[in-house]
Amino acid sequence: MKKSFYVSIILCLCLITAAFTVGCGNDSTSKADTSTEAATVDDAKTDGIDYMALVNKTHALPEDWEKNIETIKFTNTVGDDVEVEKKAYDAYLELKAALEAEGVTVDLDSARRSVADQQRIMDEFTKEKGADYAAKTVAKPGYSEHHTGLALDLYLIVDGKDITENEDMEQYPEIWEKIHAKLADYGFILRYLEGREHITGYGYEPWHIRYIDNIDVAKEIMSKDITFEEYLGTYSGPQVTVDYGTSELYTKEELEAAVIQIKCKFAFWDGCELNSIRYAGDDAVSEKKLAELNKKDPKTNYSRAAKFLMDFHTGENKGETTFETNHEYKDYQWYLAVNDEGGWDIVDFGY
Ligand SMILES: [Zn+2]
């Protein structure tokens with residue numbers, strides 16, 4: 001029973017990871033020498049759009065948005081056509097100029113993707129891989145922030161070279177730091193923060209920025225290091241009690257990072273609600289247990305592991321999990337180990 005549940009969770013997570021790629025990837029591969037310039041302006045009438053609109057996996061694009069949005073189209077340095085909401089584009093140009101003054105060059109990989117475009121992607125996936133697979137891997141049309149025209153995916157130009165692939169862009173954390181420090185001055189925020197997958201539904205994306213047309217609010221969000229969801233109050237977090245206890249082995253920050261990992265994983269358990277998590281104490285993982293954890297994967301050689309206990313309950317809908325419906329689960333165990341990068345790996349969970 002536990003095994004099948006474990007497999008379904010892993011499968012689910014893999015599919016969700018794939019969804020991140022399809023939903024918000026930087027996948028430009030073609031290279032061409034085209035300069036960045038405004039090419040066309042849509043003459044759609046603007047009754048005004050709400051620059052603070054929240055669009056995520058549970059909040060759809062507001063009605064009439066596509067009728068009211070005014071956009072700019074241009075060709076980026078790799079030859080792709082990019083469409084951006086007009087005001088966001090003006091702010092982006094200012095941001096870009098300010099970054100250039102500091103020796104950082106960026107361009108836009110993708111910005112606006114219409115609901116129809118997203119539907120086309122969904123249809124293609126459905127035809128090729130089936131409806132179930134498509135539903136799980138492609139962002140649902142209407143629920144991608146890229147529909148707004150206010151979400152921009154940046155890429156870097158380093159030493160004259162276009163750096164567009166996610167893995168390559170991730171190699172420049174110091175450049176992203178410079179970029180992120182400037183965002184709020186031009187009304188932008190960073191949207192998908194590290195360790196906040198359980199709130200935003202997306203993994204860390206240093207390149208995905210969002211225009212909100214309000215410098216004060218952007219500054220508040222960026223300085224508090226919170227997500228847009230948290231600022232808007234649509235995410236107050238589940239009423240979870242976390243007890244970190246006392247530890248000589250781990251700092252509070254380390255234990256907090258471990259709890260975030262657990263919450264991220266738990267967030268995908270359909271119909272389950274988290275009540276509490278507590279650190280089981282420095283003596284909770286014996287040498288024998290550590291050896292057992294290492295046996296799960298012959299490639300691992302963890303020297304430190306921690307145990308947490310969780311109370312949660314299931315409701316009427318338990319999705320694909322094998323938990324009982326309407327049931328209280330107490331002292332559910334989680335084992336996490338410190339990996340080579342100093343982060344946490346969830347090694348085992350269950351009774
Ligand atoms: Zn994006």
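Here are four short exercises on the structure above, each with a worked solution.

Residues are numbered from 1 along each chain as its sequence is written. The model is predicted, and local features need pLDDT of at least 70, side-chain atom pairs count only at pLDDT 80 or more, and totals for chains, interfaces and linings use all residues.

**Exercise 1. Find how many helices and strands the protein has.**

Start with the definition: helices (H or I, at least four residues) and strands (E, at least two) are DSSP runs, numbered from the N terminus. On that basis the protein has 12 helices and 13 strands.

**Exercise 2. Work out the strand order of the open sheet of five strands, and name its edge strands.**

Step one is the pairing rule: two strands pair if DSSP finds at least two bridges between them. The order is then β9-β10-β11-β12-β13, with mixed pairing. Next, look for strands that pair on one side only: these are the edge strands, β9 (241–243) and β13 (344–350). Finally, zoom in on one pair. β9 runs parallel to β10 (residues 272–279), joined by three bridges, and V242 is found opposite I277 in β10.

**Exercise 3. Check the span of helix α11 (residues 252–266), then decide where its buried residues sit around the axis.**

The expected span is 1.5 Å times one less than the number of residues. For the 15 residues of α11 this gives 21 Å, and the end C-alpha atoms are 21 Å apart, so the two agree.

Now for burial. A residue is buried if 20 or more other C-beta atoms lie within 10 Å of its own, exposed if 12 or fewer, and partly exposed in between, with C-beta atoms placed from the backbone. In α11 the buried residues are L255, A258, V259, I262, K263 and F266. They cover an arc of only 140° around the axis (taken from the directions from the helix axis to the C-beta atoms), so they are on the same side of α11.

What covers them? Using contacts (C-beta atoms, placed from the backbone, within 7 Å), the cover includes α8 (197–200), β9, β10, β11 (305–314), β12 (328–338) and β13.

**Exercise 4. Classify D107, D159 and D331 as buried or exposed.**

Take D107 in strand β4 (residues 105–110): it counts as buried because it has 20 C-beta neighbours inside 10 Å. D159 lies in the loop between β5 (151–158) and β6 (161–163), and its phi is near 50°, a positive value in a residue other than glycine. With 6 other C-beta atoms within 10 Å, D159 is exposed. D331 lies in strand β12 and has a positive phi near 55°. Its 10 C-beta neighbours inside 10 Å make D331 exposed.

Notes:
Two residues are in contact if their C-beta atoms, placed from the backbone, lie within 7 Å.
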